[in-house]
Amino acid sequence: MTFGSERPRPEPGRAARTLVRGGIVVSGDPAVGDLRRGDVLIEDGRIAAVAPELPVAGAEVVDAAGKIVLPGFVDSHRHTWQTAFRGLGADWTFGQYGAVMQGALRPHYRPEDVYLGNLLGRIEALGSGVTTMLDWFNCALTPEHADAAVQGLREAPGRSLFGYCAEGPGDSAGSGDSAGSGIAAELARMREQLPGDGLVLALRGPLRSTMDETVADVAVARELGLRVSVHVHGGTGWPTGDRVIERMREHGLLDARTTIVHGNGISDDQLAMLAEAGCSVSVSPDVELKMGFGWPETGRLLAAGIRPSLSIDDCPSASGDMFSTLRTGFAVQRGLDRSLTARDFFGFATVEGARACGLEDRVGSLTVGKDADLVLLDAEDPSVFPVGAIVTAGHPGLVDSVFIAGRAVKRNGELLGVDLPALRARVLESRDRIAAAAGVAIDGSGAPAG
Ligand SMILES: [Zn+2]
């Protein structure tokens, strides 16, 4: 529907004012707090007021009685193109993920497959309350693949950022984000399609390229005014050696427009470097635990002064919704040291995600002046502590309504204007073709040694 802070076109014939009335409001804004009963007034797509009771005058009313009203979730990193293979990677190590997803399946993706994966993945995320999502796209076998990925996001209702892991002409299809050069022309081409803050450089980085190439790639991003998102984590060898963060800092590559994905195993002194540079960090609890990156670093990041955002990461190894990510991440940190609260985690999934996407002025909390990206959750049960209920007991089946800049994209549990059965059928066809071409058994029986 829309990219970055772009405003979606207003719906023809729709009232300019909407009053979301009588809900349990979890604003995510410390100045507003939680309201046992509250109204949210939307004017021209923006939040105009949040208060216990607001006048209805001239507004279309959305009845939120029995619902929790919250800011939409922000997923700061997801490889959406892999959506069709959900569950396949449940038992994968990171090595097996590389061998099967990147090595075996990826070369058989056509632009049409990328389009379908991104479209369904974005729609599913939206249906579960992810209003903003950064698609970390690392299947750019050709420019047409990148165009198809953007098209999938564009057709899905929701606010997206396209994290483009461009591959240079020397890159070999199927080997992952391998080293190469010459991404500048391709990134500039994408910049013409996505001129605002909806385009991000998904950096191959020190894991997939040399430090010289990393320096050159970041220079291109800065030239084009792009944020940078880069994977740095344990559980894998680094072609550029250890102390990757320190080396990036030496080259002047760390700043407030940089997001480190994962961050597991980064030493305390390097975490301090990230904090000093103002970098954000995206934690993907499910994938990090299951693939052996180490414990999610939520607690250590906080100790270093960094409030992380949350992300789904690889669709074959994790669910597509933020609730399960919240629950895993929260339970792990509580298990480790009980240093964090449910409200902390709620913030990671909302306002910190917005910050990691450079959109903290526009989304992430129910704050006057921000875009009205909000979610209504069924709360018919006794939700005595709404934030606790969201984090510990939320699930996609509770998502009643979703609004993007005040525009309804899901109401009464139904996505609007989306033929999900037809789309799913196309995705399954695409998935079966890819799996057959790659010789990968989709029942999970064929995982290689890892
Ligand atoms: Zn990732």
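**Close-up 1. Helix α2, mostly covered in this predicted model.** Of the 17 residues in α2, 15 are buried. The helix runs over residues 111-127. How far apart are its end C-alpha atoms? They sit 24 Å from each other, and at 1.5 Å a residue the 17 residues of α2 should span 24 Å, so the model agrees with the expected span. Just after the helix comes Gly129, with a positive phi near 100°.

**Close-up 2. The largest nonpolar core.** This one takes in 128 residues. Which residues have the most contacts inside the core? They are Val40, Val69, Phe137, Phe162 and Tyr164. Helix α2 gives the core its largest share, 8 residues. Domain 1 (2-71 + 364-415) and domain 2 (73-356) both contribute residues, so the core lies between them. As a bit of background, nonpolar side chains tend to be buried together in soluble globular proteins.

**Close-up 3. Val40 and the residues it touches.** Leave out anything up to four places away in sequence, and Val40 still touches Val20, Val25, Ile47, Val50, Val69, Leu366 and Leu374. One of these, Val69, is listed alongside Val40 among the residues with the most contacts inside the largest nonpolar core.

**Close-up 4. Where domain 1 meets domain 2.** The chain splits into domain 1, made of 2-71 plus 364-415, and domain 2, covering 73-356. Their C-alpha centres lie 28 Å apart. The contact draws 25 residues from domain 1 and 32 residues from domain 2. Which elements each supply at least two residues of the domain 1 side? That would be β1 (2-3), α14 (386-393), β17 (399-404) and β18 (407-411). Helix α14 brings the largest share of that side, with 5 residues. Sorted by class, the side of domain 1 that touches domain 2 holds 12 nonpolar, 10 polar and 3 charged residues.

**Close-up 5. The buried face of helix α1.** Helix α1 covers residues 94-105, and its buried residues are Phe94, Tyr97, Val100, Met101 and Leu105. Why do they line one face of the helix? Looking down the axis of α1, these buried residues fall within an arc of 140°, so they end up on one face. What do they pack against? Their partners are β15 (313-314) and α15 (420-438).

Terms used
Residues numbered from 1 in each chain as written. Predicted model: local features only at pLDDT ≥ 70, side-chain atom pairs only at ≥ 80, totals over all residues. Buried ≥ 20, exposed ≤ 12 C-beta atoms within 10 Å, placed from the backbone. Helix = DSSP H or I, 4+ residues; strand = E, 2+ residues; numbered from the N terminus. Arc of directions from axis to C-beta. Contact = placed C-beta atoms within 7 Å. Domains from an automatic or database assignment. Nonpolar A, V, L, I, M, F, W, Y, C, P; charged D, E, K, R; others polar. Core = buried A, V, L, I, M, F, W, Y, C linked by C-beta atoms within 7 Å. Expected span 1.5 Å × (residues − 1).
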